[in-house]
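Subject: Handover of a structure, with notes

Dear colleague,

Please find below the structure that I am handing over to you, together with its sequence. My notes on what was found in it follow directly after.

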Amino acid sequence: MKYDLIIKGGNVVLRHEVKKADVAVKNGKIAAIDRNLGKEASQIVDAHGQYVMPGMIDAHVHICEPGRTEWEGFETGTKALAAGGTTTYIDMPLNALPATTTKEALKLKFEAAKGKNYVDYGFYGGLVPGNIENLQELSDEGVIGFKCFMASCGSDHPDDFKNVDDYTLYKGMKKLAELGAVLLIHAENAEITDRFAEEKIREGKVTATDYADSRPIFTEVDAVKRALFLGKETGCPLHFVHISTAEAIEPIIKARNEGQDVTLESCPHYFTITAKEFEKIGPVAKCSPPLRSIEEQEKLWGALKQGKIDMLTSDHSPCPPSMKYSGTDNMFEVWGGITGCQNNVDLMFDEAVKKRNIPVTEFARMIAITPAERFNLSSKGEIAVSKDADMILIDPNRSYTLTEEDLYYRHKHSPYVGRTIHCRVTKTFVRGSLVFDLEKGIIGKPIGQFLTNKELIAKT
Ligand SMILES: NC(=O)N[C@H]1NC(=O)NC1=O
Ligand SMILES: [Zn+2]
Ligand SMILES: [Zn+2]
């Protein structure tokens, strides 16, 4: 057979245009894209009426294995990713135990992940107080970047992640600049948000709105500006995670225009759920930075329309239901993190492409092309000849209402349950292998491969 697979007649989303074409795959790579590639393939998939898009690269996922597999493991987490149209993800260095801040902890991650991933994956290392000495070895072992918290992490477990002090932030940036590694930053001012939280709790103000009010926009903007300043001082490449407001985007774009190496991401929840809705939905919508007002959300959409969002990520930060619903009314005591990685693509395709007429090529840029480029995943991110055949089919007219039964997460809760989404991922291919089919569910064994900052080094 000439090809292993031909996807026929879909609207293929290329870098600069959408083209009605066939896509042929051979040995896991895209071999040809053309109008009529015939039928010489072991497998033919009809994609008429559907978009053929690059699979999402979700650069912000918290899989809690090892140590907290009970929250979310590689198997359940990556089934959800596959079902939602993600073909590659990068795992954050926190919420698993121990946190990924040493070579030894990275080895534990690597061992725990072996043979359990349905999609391709890489790891970040952490920058925490006291581990500057470990950054080199983490980089040598292939981490794709480094993550730090300027906000408090809120866990007092001894093996858990710790937020940086200013000294660590500065010294860490200097070292990472030397290594040429990207530093990912959770940017919120720790001292102010912690003290605001204390005030609220002291006054007995513990609702969803009180929680959101305890982390005002200026605390995000302040942290962004300070990190940019230190980034300029040290020459460290920066990436701001889960930016929640247009106001925090402006200094980042300005710094980039002035020559700094800096990018940013935002997440579906900041575009689709408001602070008011958080009050109604409750604990499953708690996250940090918090959900914002409808006015702020509109400004964020404005930034997206102007091409200012480099990438979309889920910040999938799962936990057991008991950490969301333990009988407390105190929103400050509830786990902060949204279980959301299964609904990145459909939700944002619906809201951005269908509802707000954002070009589908722009959408592909945010979910696949830019994350691949930023994190040096050179074989990924685009439907183009010789790239990995990581592709998804989206039916733009297939509406559904999300139920708990649709979810593959270890714990089937999500702020999107009950929401009607007006499009759906129908198939997911990782390197040419079908891993998810809407009619059949997850297909076959976990075939995900480990990706490093250099190249694909291990097949699991
Ligand atoms: N620990 C953790 O996952 N925190 C994440 N959750 C969230 O909502 N924001 C975060 O940074
Ligand atoms: Zn964060
Ligand atoms: Zn996160």
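Which residue stands opposite Thr263 in E13? That place is taken by His239, and the strands named here and below, like the helices, are DSSP runs numbered from the N terminus, with at least two residues for a strand (E) and at least four for a helix (H or I).

Before going further, please note that this is a predicted model, in which local features need pLDDT of at least 70 and side-chain atom pairs count only at pLDDT 80 or more, while totals for chains, interfaces and linings use all residues. Residues are numbered from 1 along each chain as its sequence is written, and chains are lettered from A and ligands numbered from 1 in the order in which they are written.

**The parallel sheet**

Six strands make up an open sheet with parallel pairing, in the order E9-E10-E11-E12-E13-E14, where two strands are said to pair if DSSP finds at least two bridges between them. At the edges stand strand E9 (125–126) and strand E14 (311–312), and because each has a single partner strand, one side of each is left without a neighbour in the sheet. As background, the strands of a sheet pair through backbone hydrogen bonds, in either a parallel or an antiparallel sense.

Strand E13 (residues 262–266) is joined to E12 by three bridges in the parallel sense, and Leu238 is found opposite Val262 in E13. Between these two strands the chain passes through H8, in a β-α-β crossover that is right-handed, meaning that the path from the first strand over the helix to the second runs clockwise when the strands point away from the viewer. Towards E14, E13 is held by two bridges, again in parallel, and there Glu265 stands opposite Met311.

Five of the five residues of E13 are buried, so this strand is largely enclosed by the rest of the structure; a residue counts as buried if 20 or more other C-beta atoms, placed from the backbone, lie within 10 Å of its own, as exposed if 12 or fewer do, and as partly exposed in between. The burial takes in both faces of E13, with Val262, Leu264 and Ser266 on one side and Thr263 and Glu265 on the other.

**Annotated positions and the ligand**

The unreviewed UniProt entry carries a "binding site" annotation that covers Lys147, His186 and His242; such positions are given in the numbering used here, with shortened feature names, and may be inferred rather than shown by experiment. These residues are spread over 96 residues of sequence, yet they cluster in space, with a largest C-alpha distance of 12.3 Å.

Lys147, which the same unreviewed entry also annotates as "modified residue: N6-carboxylysine", lies in strand E10 (residues 146–149). Lys147 counts as buried because it has 26 C-beta neighbours inside 10 Å, and its contacts (C-beta atoms within 7 Å) beyond four places in sequence are Met92, Pro93, Tyr124, Gly126, Leu127 and Leu184.

His242 sits in the loop between strand E12 (238–240) and helix H8 (246–257), and is buried because of its 24 C-beta neighbours inside 10 Å. Setting aside residues up to four places away in sequence, His242 touches His60, Glu265, Ser266, Cys267, Pro289 and Asp315.

Asp315 is also one of the residues around ligand 1, among which are His62, Cys153, His186 and Ser317, the criterion being a C-beta atom within 6 Å of the ligand. By class this shell has three nonpolar, seven polar and one charged residues, with Ala, Val, Leu, Ile, Met, Phe, Trp, Tyr, Cys and Pro taken as nonpolar, Asp, Glu, Lys and Arg as charged, and the others, Gly among them, as polar.

**The antiparallel strands**

Strand E1 (residues 3–13) and strand E2 (residues 18–26) pair over seven bridges in the antiparallel sense, forming a hairpin with four residues between them, and Ile7 has Val23 in E2 as its bridge partner. E2 is also joined by five antiparallel bridges to strand E3 (residues 29–34), where Ile30 is found opposite Val25. The hairpin of E2 and E3 has two residues between its strands, and in this hairpin Asn27 takes a positive phi near 50 degrees.

With best regards

How values were computed: Two residues are in contact if their C-beta atoms, placed from the backbone, lie within 7 Å.
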